[in-house]
Amino acid sequence: MSMTYEEQRFDLPETFQGKLSRESVDEHLTLYSGYVKHTNLILEQIEALRDDDADANGYQIGELRRRLGFEFDGMRNHEHYFASLAGGPVALSDEALKQQIEAQWGSYDNWFDEFKQMAKTRGVGWANLTHDPASGQLLNYWNDEQHLGHLTGTRPVLMLDMWEHSFVYDYKPSGKGEYIDDFFANLNWAIPEQTFAEAHGQ
């Protein structure tokens, strides 16, 4: 029997700094809810087709498995995104994560400039800061849509949704830069810091 994924709840502020509105965030949460729903539906359909006749239904099962990556990653990516906004803004401390950023990029500002430029990549996708346990390094990377280009074996530390649905309600399509700045103004850095600490086993 396939497992069922539960929709998470996030302790989001009633108001945000900058132009980011609670109304647009609530609409965005509805989209997240859809990813949870469709992840479960696909898993149920795969199970039903497999139990009916796995060989005869092989084509349909294969296509559903292709779709699963899109829905599942949409669910997980959004959980990282909304969790990092929960509880209201908290500044980045001078502890391990900032120290690692400064060690690799020379300064937080250098890292942020690179991350912001990457986040403004044309097209839809996600801007990510991830930890590679094999090298102990942090990596900035972009993944197309939400399921293409994830770096195998790495652990997400920070995920920023750069699909237009995340910002066009409050910002013009040309307002990516302002949206990115407002996201960081509202970011609860305690969440990425905790994720980074867990990646290090601290």
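Me: How many residues of β1 are buried?

Reply: Start with the word itself: buried means under 20% relative accessible area, exposed is over 50%, and partly exposed falls in between (1.4 Å probe, protein chains only). In β1, 8 of its 8 residues are buried, so the strand is mostly covered. Keep in mind that this is a predicted model, where local features need pLDDT of at least 70, side-chain atom pairs count only at pLDDT 80 or more, and totals for chains, interfaces and linings use all residues. Residues are numbered from 1 along each chain as its sequence is written, and side-chain values use heavy atoms, with hydrogens and water left out.

Me: Okay, and which strands does β1 pair with?

Reply: Strands of a sheet pair through backbone hydrogen bonds, either parallel or antiparallel. Here strands (E, at least two residues) and helices (H or I, at least four) are DSSP runs, numbered from the N terminus, and two strands pair if DSSP finds at least two bridges between them. β1 (residues 125–132) pairs with β2 (residues 137–144) in the antiparallel sense over 8 bridges. β1 also pairs with β3 (residues 155–161), again antiparallel, over 6 bridges.

Me: Which residue stands opposite N128 in β2, and which is its bridge partner in β3?

Reply: Look across to Y141 in β2, then to M159 in β3. You can also find T130 with its partner L139 in β2, and H131 opposite R155 in β3.

Me: What is the order of the strands in the sheet?

Reply: Reading across, you get β2-β1-β3, an open sheet of 3 strands with antiparallel pairing. β2 and β3 stand at the edges with a single partner strand each, so one side of each has no neighbour in the sheet. From one strand to the next, the twist averages 20°; axes are lines fitted to C-alpha atoms, for helices over the stretch in contact, and angles run from 0 to 180 degrees between N-to-C directions.

Me: Which helix lies across those strands?

Reply: That's α3 (residues 96–105), which lies across β1, β2 and β3 and runs at about 85° to β2. Contact, by the way, means heavy atoms within 4.5 Å.

Me: Where do I find residues with a positive phi?

Reply: Try the hairpin of β1 and β2, which has 4 residues between the strands: G136 in the turn has a phi of about 75°. Then check the loop between β2 and β3, where E145 sits. E145 is not a glycine, yet has a positive phi of about 50°. At 31% relative accessibility, E145 counts as partly exposed.
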